[in-house]
Amino acid sequence: MSNIHLQNCPVCNGTQFQPYLQLKDYSISKEDFTLMECKDCGFVFTHNFPDEKSIAPYYKSEDYISHSDTRKGLVNRIYHVVRAVMLQKKAQMVEVYSSKRKGRLLDIGTGLAYFPEFMKSRGWQVEGIEQDADARQAASKRFDFVVNDVPALLEMKGRDFEVISMWHVLEHVHHLDVYMKTIWENLADDGLFVVAIPNPDSPDAAHYKQYWAAYDVPRHLWHWKPQVFKTFAQKHGFEVVATKPMPMDAFYVSMLSEKYKQASLSFIKGIFWGKMTWWKSLNQPQKSSSVIYFMKKI
Ligand SMILES: [Zn+2]
């Protein structure tokens, strides 16, 4: 097994880091990890994370629902209801901020491809990228559009997509620079780039500390506070034109975090904290458990 030991901050190139938080992979390996923070820009990342070849075992769980379709357990059942509501909201936001009702859309890290399928039903031409072979196969059995593996993304040239989306994916990506460059080159000049990522600056992250489920180490390599993300986007030629909360995420993350704390009444407490953070984030997307960034080329 090989780990990646960063010498330079991926955001500002700084070389001075300090420990930010000690935590565990609660969901799968139970191994200990450390989050580090860049002293110059405040970017937080998982220290010594497994490289691309070594990380697969950390995804091997029936509970890792982004890559499976299990309906077992209350948390998973809730997740499936929330997903239906969120598809509708995501589609509306994408159409508002792209100012388009149809066009070419690429969803990177599409999982079981429900988002592009939903957009297709609204008239969009869609494609997906997914590195998990099982998920790709399941998607191509169900839906009739192309879901390719990651190499197909990295070979793309001048595709001019009107929308490129990454819903809770960028925090998993090893080669940030390569992805951001490829996305920039394949987005139309007036295209919209959409990224949803967890927010370590949220009240629920502050409340749950090392138990906050959206740290999800070592699967999440990067942990962007909103201000740091804007700098990162700019470095890669994007301007953040709008931010929105993903309010339903607060409930799911809070319930999982209570589970990791092994708290009694974890479900009730999770609902309570989810409601608190949802309420606080209504008019302040930068306080949301997860933030959606809508970006245009500079
Ligand atoms: Zn930095």
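These are my notebook entries on a predicted model of one chain.

**Overall count.** I began with the secondary structure and found nine helices and 13 strands in the chain. I then looked up burial: 41% of the 298 residues count as buried. For contacts between residues at least 6 apart in sequence, I noted that 69% join residues at least 24 apart.

**Strand E9 and its neighbours.** I went to strand E9, residues 161–167. Seven of its seven residues are buried, so E9 is largely enclosed by the rest of the structure. Next I checked its pairing. Strand E6 (residues 104–108) is joined to E9 by three bridges, and the two run parallel. Across this pair, Ser 165 in E9 stands opposite Asp 107. Strand E10 (residues 187–198) is joined to E9 by six bridges, again in parallel. Here I found Phe 161 with Leu 187 of E10 as its bridge partner. Between E9 and E10 the chain passes through helix H5 (residues 176–186), and I recorded this β-α-β crossover as right-handed.

**Nonpolar cores.** Which residues touch the most other members of the largest nonpolar core? I listed Ile 164, Phe 193, Val 194, Val 195 and Tyr 293, in a core of 64 residues. The strand that gives the most to this core is E10, with seven residues. I followed up Val 194 and left aside its neighbours within four places in sequence. Its contacts are then Val 94, Val 163, Ser 165, Ile 292 and Phe 294. A separate core of five residues lies apart from the largest one, and among its members I noted Leu 112, Ala 113, Ala 135 and Val 147.

**Helix H3.** Ala 135 led me to helix H3 (residues 133–142), whose buried residues are Ala 135, Arg 136 and Ala 139. Why do they fall on the same side of H3? They cover an arc of only 100° around the axis, which puts them there together. The general rule is that an α-helix has 3.6 residues a turn, so residues three or four places apart point the same way. On the other side of H3 I found Ala 133, Asp 134, Gln 137 and Lys 141 exposed. I also looked up what covers the buried residues of H3, and the cover includes strand E7 (125–129) and strand E8 (147–148).

**Helix H1.** I checked the length of helix H1 (residues 74–98) next. H1 has 25 residues and reaches 36 Å from its first C-alpha to its last, close to the 36 Å expected at 1.5 Å a residue. Its buried residues are Tyr 79, Met 86, Lys 90, Val 94 and Ser 98. Of these, I had already met Val 94 as a contact of Val 194. After H1 comes Ser 99, and I noted its positive phi, near 55°.

**The open sheet.** Last, I looked at a sheet of four strands, in the order E2-E3-E4-E11. This sheet is open and its pairing is antiparallel. Which strands are at its edges? I found strand E2 (17–24) and strand E11 (222–223), each of which pairs on one side only. Within the sheet, strand E3 (residues 32–38) and strand E4 (residues 44–46) run antiparallel and are joined by three bridges. For one residue pair here, I noted Leu 35 with Thr 46 of E4 as its bridge partner.

How values were computed
Residues are numbered from 1 along each chain as its sequence is written. This is a predicted model: local features need pLDDT of at least 70, side-chain atom pairs count only at pLDDT 80 or more; totals for chains, interfaces and linings use all residues. A residue is buried if 20 or more other C-beta atoms lie within 10 Å of its own, exposed if 12 or fewer, and partly exposed in between; C-beta atoms are placed from the backbone. Two residues are in contact if their C-beta atoms, placed from the backbone, lie within 7 Å. The arc is that of the directions from the helix axis to the C-beta atoms. Two strands pair if DSSP finds at least two bridges between them. A crossover is right-handed if, with the strands pointing away from the viewer, the path from the first strand over the helix to the second runs clockwise. A nonpolar core is a set of buried Ala, Val, Leu, Ile, Met, Phe, Trp, Tyr and Cys residues joined through C-beta atoms within 7 Å. The expected span of a helix is 1.5 Å times one less than its number of residues.
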